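This report introduces a structure through its helix packing, its nonpolar core and a few chosen residues. Please look over the sequence and the model before reading on.

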Amino acid sequence: MEKEAVQGISFQLVAHAGEASACFFDAVELARQGDFDAAEAKLSQGTSSLNGAHDSQTDLLRCEVNGEDIAFSLLLVHAQDHLMSTILLERMARELIEVYRRMADDE
């Protein structure tokens, strides 16, 4: 795969992961405010964006598994970093929302 194609997929990864991160942060803020239905909706929206990032990553993996050479790109490394950080952020957001939910139940 040509470097330009790898860079294009990398930009897709960053865009999807960035959108997902924003949704996860918004979801935590909504839960902090006690709006758990809106928080769940934001989590769902973020998960959809994260799935888009996974789809982009899967395209690259499929090419490599099929024996295609993938041109090295620092941008791809950066994109992978964004993806992994966002996956962790999703898990942490879900945990924080649960903590806020329990705190609200105890009041």
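Two residues are said here to be in contact, or to touch, when heavy atoms of theirs lie within 4.5 Å. The model described is a predicted one, and with that meaning of contact Q45 offers a convenient starting point: leaving aside residues up to four places away in sequence, Q45 touches E19 and C23. Q45 belongs to helix α2, and its C-alpha atom is separated by 6.7 Å from that of C23, although the two residues are 22 residues apart along the chain. Is Q45 buried, exposed or partly exposed? Its relative accessible area is 36%, and because values between 20% and 50% count as partly exposed, Q45 falls into that class.

**Helix packing**

Two packed helices are described by the angle between their axes and the distance between the axes. The table gives these values for two pairs that share helix α1.

| Helix pair | Angle between axes | Distance between axes |
|---|---|---|
| α1 and α3 | about 15° | 8 Å |
| α1 and α2 | roughly 165° | within 8 Å |

Helix α1, which spans residues 3–32, packs against helix α3, which spans residues 74–106, at an angle of about 15°. Because angles under 35 degrees count as roughly parallel, α1 is roughly parallel to α3. The crossing in which α1 passes α3 is left-handed, and the residues of the contact of α1 with α3 comprise 20 nonpolar, seven polar and two charged ones.

For α1 and α2, the axes cross at roughly 165°, and since angles over 145 degrees count as roughly antiparallel, these two helices are roughly antiparallel to each other. Here too α1 passes its partner, α2, in a left-handed crossing, and the contact of α1 with α2 is made up of 17 nonpolar, nine polar and three charged residues.

**The nonpolar core**

The largest nonpolar core holds 23 residues, and within this core F24 and I97 are the residues with the most contacts. Each of α1, α2 and α3 supplies at least two residues of this core, with the largest share, eight residues, coming from α1. Which residues does I97 touch, not counting those up to four places away in sequence? On that basis, the contacts of I97 are A27, V28, A31, F36, A39, E40 and L43.

Notes
Residues are numbered from 1 along each chain as its sequence is written. This is a predicted model: local features need pLDDT of at least 70, side-chain atom pairs count only at pLDDT 80 or more; totals for chains, interfaces and linings use all residues. Side-chain values use heavy atoms; hydrogens and water are left out. Axes are lines fitted to C-alpha atoms, for helices over the stretch in contact, and angles run from 0 to 180 degrees between N-to-C directions. Helices (H or I, at least four residues) and strands (E, at least two) are DSSP runs, numbered from the N terminus. Angles under 35 degrees count as roughly parallel, over 145 as roughly antiparallel, 65 to 115 as roughly perpendicular and the rest as oblique. A crossing is left-handed if the near helix is turned anticlockwise from the far one by less than a right angle, and right-handed if clockwise. Ala, Val, Leu, Ile, Met, Phe, Trp, Tyr, Cys and Pro count as nonpolar, Asp, Glu, Lys and Arg as charged, and the others, Gly among them, as polar. A nonpolar core is a set of buried Ala, Val, Leu, Ile, Met, Phe, Trp, Tyr and Cys residues joined through side-chain atoms within 4.5 Å. Buried means under 20% relative accessible area, exposed over 50%, partly exposed in between (1.4 Å probe, protein chains only).
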